[in-house]
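Trainee: Could you walk me through how to read a fold, one feature at a time?

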Amino acid sequence: MNLLALETSCDETAAAVIAETGDPRRPWRIGSNIVASQTDIHRGWGGVVPELASRQHVRDICGVIYAALDGAGVPLDDLGAVAV
């Protein structure tokens, strides 16, 4: 099974594709891990501005997801689960 994991912290948008290996000693393999950072956007304000952060998450999320899928070589239809 392939799992798409999504994370949106205060200033980062991230997606990873993780796949089961069938090996009980190492049951998961990370296929990709993509992070879009907002550090440069918030630096001028001296900290994270929630309204700017939320708008940037909306801008970044689709590109981050598709980059993670592409990096792992996994088509959207091959996902078995999504973790948010």
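Mentor: Happily; we will go from the overall layout to a helix, the core and one residue. Keep in mind that this is a predicted model.

Trainee: Where do I start? In what order do the elements of the chain run?

Mentor: Begin with the secondary structure, which here comes to two helices and four strands. From the N terminus on, the order is β-β-β-α-α-β. For overall dimensions, the C-alpha trace spans about 45 × 25 × 20 Å along its principal axes. Then look at how contacts are spread along the sequence: of those between residues at least 6 apart, 52% join residues at least 24 apart.

Trainee: And what share of the residues counts as buried?

Mentor: Of the 84 residues, 31% do. The surface is worth a glance too: the chain exposes about 5400 Å², with carbon and sulfur atoms supplying 56% of that area.

Trainee: Now the helix α2. What span does α2 reach, and what is expected?

Mentor: With a helix, compare its end-to-end span with the expected one. The 23 residues of α2 reach 31 Å from first C-alpha to last, close to the 33 Å expected at 1.5 Å a residue. Next, check the local axis: α2 has a kink of about 40°, centred on Asp60. Asp60 is also one of the buried residues of α2, along with others including Gln56, His57 and Val64. Cover for the buried residues comes from elements including β1, β2, β3, α1 and β4. Just past the end of α2, Gly73 adopts a positive phi of about 70°.

Trainee: Which residues make up the largest nonpolar core?

Mentor: There are twelve, among them Leu4, Leu6, Ala15, Val17, Ala36 and Leu79. Ask next which elements contribute: β1, β2 and α2 each supply at least two residues, and α2 gives the largest share, five. To see the packing, follow a single member. Ala68 belongs to this core, and beyond its sequence neighbours Ala68 touches Ala15, Ala16, Val17, Ser32 and Ile34.

Trainee: Let me try a polar residue. Why does Asn2 count as buried?

Mentor: Use the cut-off: buried means under 20% relative accessible area. Asn2 has 17%, so Asn2 counts as buried.

Trainee: Which backbone oxygen does the side chain of Asn2 reach?

Mentor: For a buried polar group, look for a partner. The Asn2 side chain reaches the backbone oxygen of Asp78 at 3.2 Å. Asn2 lies in strand β1, and its contacts more than four places away in sequence include Ile18, Ala19, Val74 and Leu79. Val74 and Leu79 are both members of the core we just discussed.

Definitions and conventions:
Residues are numbered from 1 along each chain as its sequence is written. This is a predicted model: local features need pLDDT of at least 70, side-chain atom pairs count only at pLDDT 80 or more; totals for chains, interfaces and linings use all residues. Side-chain values use heavy atoms; hydrogens and water are left out. A nonpolar core is a set of buried Ala, Val, Leu, Ile, Met, Phe, Trp, Tyr and Cys residues joined through side-chain atoms within 4.5 Å. Buried means under 20% relative accessible area, exposed over 50%, partly exposed in between (1.4 Å probe, protein chains only). Contact means heavy atoms within 4.5 Å. The expected span of a helix is 1.5 Å times one less than its number of residues. The bend at a residue is the angle between axes fitted to the seven residues ending there and the seven starting there. A polar contact is a pair of N or O atoms within 3.5 Å; within protein, one must be able to donate a hydrogen and the other to accept it, and residues adjacent in sequence count only if both atoms are side-chain atoms. Accessible areas come from the Shrake-Rupley method with a 1.4 Å probe; for residues, only the protein chains shown count as cover.
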